[in-house]
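Trainee: Could you pick one part of this model and look at it closely with me? I'd like to start from a single loop residue and work outwards from there.

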Amino acid sequence: MHFRPNRGFDHAVPSEITPRSIYDERRALLKSMALGTGGAALAAWAGREAFAQAARPNKLAPLPGARSTVAGALTMEKLTAYNDVTGYNNYYEFGTDKSDPARTAGTLKTRPWTVAVEGEVKKPKVYDLDELLKLAPMEERVYRLRCVEGWSMVIPWVGYSLAELVKRVEPTGNAKYVEFTTLADPKQMPYLGSRVLSWPYVEGLRLDEALNPLAMLVFGLYGEVLPNQNGAPLRLAVPWKYGFKSGKSIVRIRFTEKQPQTSWNHAAAQEYGFYSNVNPNVDHPRWSQATERRIGEDGLFAKKRATLMFNGYEAQVGQLYAGMDLKKLF
Amino acid sequence: MGSAVLPTSATPAAARRRSPLLHPAAKPLLFVLALGPFAWLLYGAIANTLGANPAEALIRASGDWTLRFLCLTLAITPLRVMAGQPALARFRRMLGLFAFFYGVLHFLAYAWLDMGLELDAIVRDIPKRPFALVGFLALLLMLPLAATSFNRAIKALGARRWQMLHKAVYAVVLLGLLHFFWMRAAKNNFAEVAVYAALIAGLLGWRIWHAWRGRAARAA
């Protein structure tokens with residue numbers, strides 16, 4: 001596979017190209033700055049752009065985030081409706097049907113909550129949720145989410161780069177991987193008795209993947225705290241990988257030298273690899289990954305849309321996999 | 001229990017006449033009932049009440065109903081014999097044809113909603129995936145059965161050959177079960193599969209037991 005360096009002109013989908021009107025507006029602003037009249041215009045500009053437009057559904061506590069400046073973090077595609085984002089979930093601890101978690105996740109207790117950060121780090125620490133909420137400024141990012149099952153959504157997450165936390169605990173030279181363990185409490189999670197997977201749910205990233213600014217520690221969506229069924233109180237969003245790589249309700253983050261044994265890889269190694277990067281050219285053994293259905297948008301009889309390499313984030317993350325055979329390391 | 005071997009002769013004609021199963025409205029009523037799931041799915045597709053992923057819901061529901069109608073069809077003979085209700089046999093053909101109907105619907109939903117009715121994509125997709133291939137084989141096997149589901153076909157084939165042909169339904173239901181099992185296998189989600197497996201094991205096991213008993217009775 002051939003990877004080009006990102007020169008800033010790579011746009012996965014046409015919707016990410018800055019619209020002409022906004023481009024012109026920016027040119028005008030620059031001109032006004034040159035003329036010395038920029039101050040007033042800048043104030044209006046900042047006010048307009050500071051916070052994202054995703055309208056709050058007014059269901060949960062607000063958690064605002066400033067528009068992210070991370071490259072690729074703000075797709076301009078149409079957002080998936082809040083009801084679909086919060087009503088169509090794979091969260092097997094709360095049932096295997098996608099409508100189950102919205103009904104059953106009410107039993108999840110998200111406070112008090114701590115996350116143990118440990119392993120190959122110089123500064124291991126058990127973080128309280130309140131500390132993590134204040135660790136770095138909250139950003140709103142609009143990511144595509146591509147499920148390994150062949151459907152996708154566009155979700156306005158609230159959180160910050162996972163790298164913010166990683167840097168604070170100072171990984172040692174031995175740290176090559178990061179392992180994420182999610183909550184497994186049979187008292188709160190009705191389906192933990194099922195044998196679908198071995199609990200707790202474990203996921204992992206390579207350290208350089210975890211440090212990519214797009215890898216996100218998420219605390220909210222649609223300008224509010226995460227609903228339980230979406231992985232409250234904190235989860236990952238790794239937008240260039242299939243959704244199951246982004247663990248929900250995380251309780252432990254461990255830095256390791258060896259590649260972590262992840263839950264789905266353990267359950268079916270031939271179907272779910274450690275990397276699980278979104279890749280239209282590598283099919284799942286039981287279905288094609290070349291196309292996807294955007295939830296709530298593509299009509300019932302509409303043709304499915306093409307799945308993009310690395311879910312459209314190739315410019316930002318492609319270099320992480322330079323030289324790797326992605327057919328073998330799927 | 002002589003009725004098990006020769007059910008018709010053992011049931012008094014009067015009892016048969018009284019049976020609600022012979023009511024003229026019984027067949028139309030069953031027809032309407034069997035169309036119920038289809039009507040419900042059609043309404044759901046139009047009114048958009050099938051959830052966030054209506055295509056997936058349609059494909060799964062039509063598959064579920066194919067398996068259910070296959071089980072219902074296979075339940076007719078054991079029920080007829082055990083309950084001594086020969087009139088039940090009147091409904092077997094319709095139930096079998098509804099199994100075929102939902103099977104075709106299941107395939108069409110896949111071909112249209114998942115594959116965009118692109119023939120070359122479908123032809124490439126099915127053999128690539130064993131679980132899809134098994135389901136497709138089951139549907140193909142149902143074709144000759146559905147095509148010979150009228151009285152003249154029985155006459156043309158001869159009852160014996162017709163019956164031999166229609167024994168293929170056992171292969172159809174086992175392939176269907178394998179298709180469903182494989183679909184759920186990766187998630188180790190076998191609760192529902194186990195229910196169908198137990199049901200089908202019972203329905204087929206009863207036939208083996210019944211045939212063995214009949215042979216033993218004849219030998220004696």
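Mentor: Let's go to S276(A), which sits in the loop between helix 8 (263-267) and strand 12 (291-294) of chain A. Keep in mind that this is a predicted model. The backbone is what catches the eye here: phi of S276(A) is about 45°, so positive, although the residue is not a glycine. Most residues other than glycine have a negative phi, and most peptide bonds are trans. Is S276(A) buried or exposed? It counts as buried, because it has 23 C-beta neighbours inside 10 Å and the cut-off for buried is 20 or more.

Chain B offers a counterpart in L117(B), also not a glycine, with a positive phi near 60°. L117(B) is in the loop between helix 5 (92-114) and helix 6 (119-128) of chain B. Its surroundings give another label: L117(B) has 13 C-beta neighbours inside 10 Å, so it counts as partly exposed.

While we're on loops of chain A, check the prolines too. The peptide bond from W199(A) to P200(A) is cis, with omega near 0°, and P200(A) lies in the loop between strand 6 (177-182) and strand 7 (202-206). The bond from A232(A) to P233(A) is cis as well, again with omega near 0°. You'll find P233(A) in the loop between strand 9 (224-225) and strand 10 (235-237).

Now step back to the chain that holds these loops. Chain A has nine helices and 13 strands, and 42% of its 330 residues are buried. Of its contacts with a separation of 6 or more, 70% join residues 24 or more positions apart. The largest nonpolar core has 66 residues, and those touching the most other members are I155(A), W157(A), L162(A), M216(A), L217(A), V218(A) and L236(A). Strand 5 (residues 151-161) of chain A gives the most to this core, seven residues. Take I155(A): leaving out residues up to four places away in sequence, it touches T80(A), V85(A), Y143(A), L145(A) and L221(A). There's also a second, separate core of 33 residues, which includes A57(B), W65(B), L113(B) and L175(B).

Over in chain B, look at how helix 4 (residues 54-83) packs on helix 10 (residues 168-185): the angle is about 145° and the axes are 10 Å apart. The crossing is left-handed. On the helix 4 side, T66(B), L67(B), L70(B), T73(B) and L74(B) take part, facing V169(B), V172(B), V173(B), G176(B) and F180(B) of helix 10. By class, that contact has seven nonpolar, three polar and no charged residues.

Helix 11 (residues 191-219) of chain B has 29 residues, so at 1.5 Å a residue it should span 42 Å, and its end C-alpha atoms are indeed 42 Å apart. Helix 11 is hardly covered: among its 29 residues, the count of buried ones is one.

Last, the place where the chains meet. Chain A puts 21 residues into the contact and chain B 16. The side of chain A that touches chain B has nine nonpolar, five polar and seven charged residues. Set that beside the contact of helix 4 with helix 10 in chain B, where no charged residues take part.

Conventions. Residues are numbered from 1 along each chain as its sequence is written. Chains are lettered from A and ligands numbered from 1 in the order in which they are written. This is a predicted model: local features need pLDDT of at least 70, side-chain atom pairs count only at pLDDT 80 or more; totals for chains, interfaces and linings use all residues. Helices (H or I, at least four residues) and strands (E, at least two) are DSSP runs, numbered from the N terminus. A residue is buried if 20 or more other C-beta atoms lie within 10 Å of its own, exposed if 12 or fewer, and partly exposed in between; C-beta atoms are placed from the backbone. Two residues are in contact if their C-beta atoms, placed from the backbone, lie within 7 Å. The expected span of a helix is 1.5 Å times one less than its number of residues. Ala, Val, Leu, Ile, Met, Phe, Trp, Tyr, Cys and Pro count as nonpolar, Asp, Glu, Lys and Arg as charged, and the others, Gly among them, as polar. Axes are lines fitted to C-alpha atoms, for helices over the stretch in contact, and angles run from 0 to 180 degrees between N-to-C directions. A crossing is left-handed if the near helix is turned anticlockwise from the far one by less than a right angle, and right-handed if clockwise. A nonpolar core is a set of buried Ala, Val, Leu, Ile, Met, Phe, Trp, Tyr and Cys residues joined through C-beta atoms within 7 Å.
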